[in-house]
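Reader: Please take me through this protein chain, and give the cut-offs as you go.

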Amino acid sequence: MKTETIAIHTGNHVDGSSKAVIHPIVMSTTFERGEDGGFPGGHIYSRASNPNRALLENVIAKLEGGADAASFSSGNAAGMSVFQSLAPGTHIICPDDMYHGLRNQLKNLFAGILTFDFVDVNDIEVLIQHIRPETGVIWVETPSNPLLKITDIKKVVAFARANNIKVVVDNTFATPICQQPLALGADIVMHSATKYFGGHSDLMGGALITAEKNDWWAKIRQVQEMGGAIPSPTDCYWLVRSIKTLPYRIKGHVHNTQLLAEFLEQHPKVEQVLYPGLPSHPQHQIAKEQMLAFGGMLSFIIKGDENDTHNIINKLKIFTKATSLGGVESLIEHRATVEGPDTKTPRNLLRVSVGLEHIDDLVDDLEQALF
């Protein structure tokens with residue numbers, strides 16, 4: 001099946017008893033055992049599994065071309081489950097531009113348990129310099145948050161394979177509609193399902209997808225079940241519902257973002273636009289080779305200081321000043337403020353989650369704010 005069909009059908013079953021076309025929400029926390037003591041419905045207790053979660057994990061796995069998926073209550077919970085699955089002392093090589101929530105998680109929760117370096121993972125010489133005998137994972141985030149750096153997944157995977165290291169790719173910015181890291185050799189893909197999977201800024205979730213069901217994946221599943229950081233049946237239901245429109249929503253996001261990036265690049269008050277769909281992007285060629293589309297996120301650096309960026313934001317009428325991304329509405333934020341005092345993000349950078357409003361309205365709004 002093609003992506004659009006997968007999104008609609010693989011997260012849904014016609015209900016066996018009522019014949020409802022849309023699978024109902026199953027709120028039960030526990031499930032009846034059979035006469036032989038078994039579990040004929042396939043579920044024991046909802047922390048371990050639930051019919052709605054099973055459908056959500058099925059559709060996400062199919063969209064990414066994976067062997068299995070595990071869903072979580074948030075993207076941070078998904079990432080943390082990877083870290084919790086690693087043996088104490090494991091070394092992780094992380095990107096120098098990485099979602100601050102997971103970066104801070106490593107620094108504040110896993111210091112003394114795991115070791116890690118934040119480097120340019122796209123530079124093989126840098127990887128060679130930082131590899132250790134205990135290095136177990138290279139973490140890739142492409143496009144990165146918020147600098148929209150592109151990492152050559154195939155190149156990193158080849159290096160990792162040669163050194164018996166696993167590769168995890170945070171695919172949140174791209175979604176499986178724009179990029180499929182497992183097909184490029186990654187071992188595990190991570191998503192904050194709060195973002196494009198949910199798509200309406202009204203629920204939270206996270207997901208991991210594996211290329212194969214191996215011992216490491218069994219450990220991650222154990223963390224999911226024993227840790228219990230799972231989405232509710234209702235959240236699973238709404239995520240499945242939203243995923244049905246994901247392919248078509250992404251087409252609109254990509255269309256608007258490309259046009260907005262081109263507008264901003266020509267604006268006299270904009271110093272630089274960071275979007276992989278622009279030929280001026282430093283890794284544009286890599287993006288062309290490994291991405292199916294360039295995504296719905298961009299950042300731009302203005303000719304001015306931090307106060308100027310806030311003045312621009314405060315004049316906007318359609319763009320909402322808020323964190324997060326992936327919703328139908330356009331969001332803009334001064335990212336350095338969110339990331340804290342150790343941020344490396346330029347103080348005159350604005351990150352934009354481009355929504356599905358009419359592109360002319362978005363351009364007009366930014367144009368009046370920039371003058």
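Author: Helices (H or I, at least four residues) and strands (E, at least two) are DSSP runs, numbered from the N terminus. This is a predicted model, in which local features need pLDDT of at least 70 and side-chain atom pairs count only at pLDDT 80 or more, while totals for chains, interfaces and linings use all residues. Residues are numbered from 1 along each chain as its sequence is written, and side-chain values use heavy atoms, with hydrogens and water left out.

Reader: In what order do the 7 strands of the open sheet lie?

Author: Strands pair if DSSP finds at least two bridges between them. The pairing in this sheet is mixed, and the sheet is open. Read across, the order of its strands is 1-7-6-5-4-2-3.

Reader: Which are the edge strands?

Author: An edge strand here pairs on one side only. That applies to strand 1 (68-72) and strand 3 (115-119).

Reader: What does the twist average from one strand to the next?

Author: Axes are lines fitted to C-alpha atoms, for helices over the stretch in contact, and angles run from 0 to 180 degrees between N-to-C directions. From one strand to the next, the average twist is 20°.

Reader: Which residue of strand 5 stands opposite Trp139?

Author: Strand 4 (residues 135-141) and strand 5 (residues 166-170) run parallel and are joined by 5 bridges. Glu141 stands opposite Asp170 of strand 5. Trp139 has as its opposite number in strand 5 Val168.

Reader: How many residues of strand 5 are buried?

Author: Buried means under 20% relative accessible area, exposed over 50%, and partly exposed in between (1.4 Å probe, protein chains only). Strand 5 is mostly covered, the buried count being 4 of its 5 residues.

Reader: At about what angle to strand 3 does helix 4 run?

Author: Contact means heavy atoms within 4.5 Å. Helix 2 (residues 51-64) lies across strand 1, strand 6 (188-192) and strand 7 (206-210), at about 125° to strand 1. Helix 4 (residues 100-109) lies across strand 2 (91-95), strand 3, strand 4, strand 5 and strand 6. Its angle to strand 3 is about 145°.

Reader: Is Val126 buried or exposed?

Author: Val126 lies in helix 5 (residues 124-130). Leaving aside residues up to four places away in sequence, Val126 touches Val119 and Asp120. Its relative accessible area is 17%, so Val126 counts as buried.

Reader: Where is Leu148, with its positive phi, found?

Author: Most residues other than glycine have a negative phi, and most peptide bonds are trans. The bonds from Thr142 to Pro143, with omega near -10°, and from Asn145 to Pro146, with omega near 10°, are cis. Leu148 is not a glycine, yet its phi is positive at about 55°, and its 1% relative accessibility makes it buried. Pro143, Pro146 and Leu148 each lie in the loop between strand 4 and helix 6 (153-162).

Reader: What relative accessibility does Thr175 have?

Author: Thr175 lies in helix 7 (residues 175-178). Though not a glycine, Thr175 has a positive phi near 65°. Thr175 counts as buried because its relative accessibility is 1%.

Reader: What covers the buried residues of helix 9?

Author: The buried residues of helix 9 (residues 233-243) are Pro233, Cys236, Leu239, Val240, Ser242 and Ile243. Their cover includes helix 1 (3-9), helix 2 and helix 10 (246-265).

Reader: How far apart do the C-alpha centres of domain 1 and domain 2 lie?

Author: The bounds, from an automatic or database domain assignment, are 3-241 for domain 1 and 247-370 for domain 2. Domain 1 gives 36 residues to the contact and domain 2 gives 37 residues. The C-alpha centres lie apart by 26 Å.

Reader: Which residues in domain 1 lose the most area to domain 2?

Author: Buried area is the accessible area (1.4 Å probe) that two parts lose on being put together, summed over both. The two domains bury about 3,000 Å² between them, with 60% of it on carbon and sulfur atoms. Three residues together account for 23% of what the domain 1 side buries: Ile150, Cys178 and Tyr196.

Reader: How many salt bridges does the rule find across the interface of domain 1 and domain 2?

Author: A salt bridge is a side-chain nitrogen of Lys or Arg within 4 Å of a carboxyl oxygen of Asp or Glu. Lys107 and Asp342 meet in a salt bridge of their side chains at 2.7 Å, N to O. Across the interface of domain 1 and domain 2, the number of salt bridges found is 3.
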